[in-house]
Amino acid sequence: MLIGKSIYYKAFDSISHPKLIHKLKSYGISGNVLGWIENFLSGCTQCTRVGSSVSNMQYLSSGVIQGSCLGPLLFVLYINDVVKLFDEHCVAKLSADDLKMYMDANLPDCTTTLQGYLDKLATWSDTWQLTISCKKCSVLQVGKGENNQVYCLTSQPITATDVVKDLGVYVDKHLKLADHIQHIVTNASKRASLIHKCFISKDTSTMVRAFTVYVLPFLEYASYVWSPTLFIERH
């Protein structure tokens, strides 16, 4: 079973500065380095600009700066210990603000055990003030069995699905990638058609360059994951 994706609501903006410093100290970070990070977090301001109008400056009491080099690192250090909630029966994988949990559905009391892990996750998120966006979470049961169990996270039911989008790749409950291939072919065709309509010049070299810049990266994204699948099935 798989739980995904991007589960934290406005995660980068929600990091508690005092709790972040507490975690950094627990990792052994101290002295000038810790003081430098504290200075980096303190006194930050932000404003909103619309046209030539700018709002009043507001001081930031939480969050890390996403456009900085240090911000994403601090975020990873803040959430890194969440994997300690799980044991050998449940595997957890982190990728930025994405969390994947999966376990063998044939294990005894699997549904009760998985719900217990979800309850632990909810408690952890409450303790560290990271609100979970349940609308972005889903349950995927891999295999031929039916998934009739309703799981809850922070007292909200999680949607069960037959296809899940994981880091931009669509995977179904049989671990087939036909949905993903159909998706990228459809979107690539739309992009190619749009380029053909928008470019006045139909010079071959211009069309090839536009295709290479705007269409090819979309087709090649994660191709090492889905591209060999049909070949493997045929052989």
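The expected span of a helix is 1.5 Å times one less than its number of residues. The structure used in these exercises is a predicted model.

**Exercise 1. Helix α5**

Task: Determine how the end-to-end reach of helix α5 stands against its expected span, and list the buried residues of the helix.

Solution:
1. Helix α5 covers residues 110-127, which is 18 residues.
2. At 1.5 Å a residue, a span of 26 Å is expected.
3. From the first C-alpha of α5 to the last, the helix reaches 26 Å, close to that expectation.
4. Buried means under 20% relative accessible area. In α5 this applies to C110, L114, Q115, Y117, L118, L121, A122, W124 and S125.
5. After α5 comes Q129, which has a positive phi near 60 degrees.

**Exercise 2. Overall form**

Task: Decide whether the protein is spread out or compact by the globule rule.

Solution:
1. The protein contains 10 helices and 13 strands.
2. For 235 residues the globule rule gives 18 Å, whereas the radius of gyration is 22 Å, well over that value; the protein is therefore more spread out than a compact globule.
3. The C-alpha trace spans about 60 × 60 × 30 Å along the principal axes.
4. Of the 235 residues, 33% count as buried.
5. Among contacts with a separation of 6 or more, 57% are between residues 24 or more positions apart.

**Exercise 3. Surface and charge**

Task: Find what share of the accessible surface belongs to carbon and sulfur atoms, and how far apart the mean positions of the positive and negative charges are.

Solution:
1. The accessible surface of the protein is about 14700 Å².
2. Carbon and sulfur atoms hold 56% of this surface.
3. The protein has 22 positive and 19 negative charges.
4. The mean positions of these two sets are 9 Å apart.

**Exercise 4. Positive phi in two loops**

Task: Place T154 and L167 in the structure, and state whether each is buried, partly exposed or exposed.

Solution:
1. Most residues other than glycine have a negative phi.
2. T154 is not a glycine, yet its phi is positive, about 50 degrees.
3. T154 sits in the loop that joins β9 (152-153) and β10 (156-157).
4. The relative accessible area of T154 is 33%, so T154 is partly exposed.
5. L167, also not a glycine, has a positive phi of about 50 degrees.
6. L167 belongs to the loop between β12 (163-166) and β13 (169-172).
7. With a relative accessible area of 43%, L167 is partly exposed.

How values were computed
Residues are numbered from 1 along each chain as its sequence is written. This is a predicted model: local features need pLDDT of at least 70, side-chain atom pairs count only at pLDDT 80 or more; totals for chains, interfaces and linings use all residues. Side-chain values use heavy atoms; hydrogens and water are left out. Helices (H or I, at least four residues) and strands (E, at least two) are DSSP runs, numbered from the N terminus. Buried means under 20% relative accessible area, exposed over 50%, partly exposed in between (1.4 Å probe, protein chains only). The radius of gyration is taken over C-alpha atoms; the globule rule is 2.2 Å times the number of residues to the power 0.38. Contact means heavy atoms within 4.5 Å. Accessible areas come from the Shrake-Rupley method with a 1.4 Å probe; for residues, only the protein chains shown count as cover. Lys and Arg count as positive and Asp and Glu as negative; His and the chain ends are not counted. The place of a charge is taken as NZ of Lys, CZ of Arg, CG of Asp or CD of Glu.
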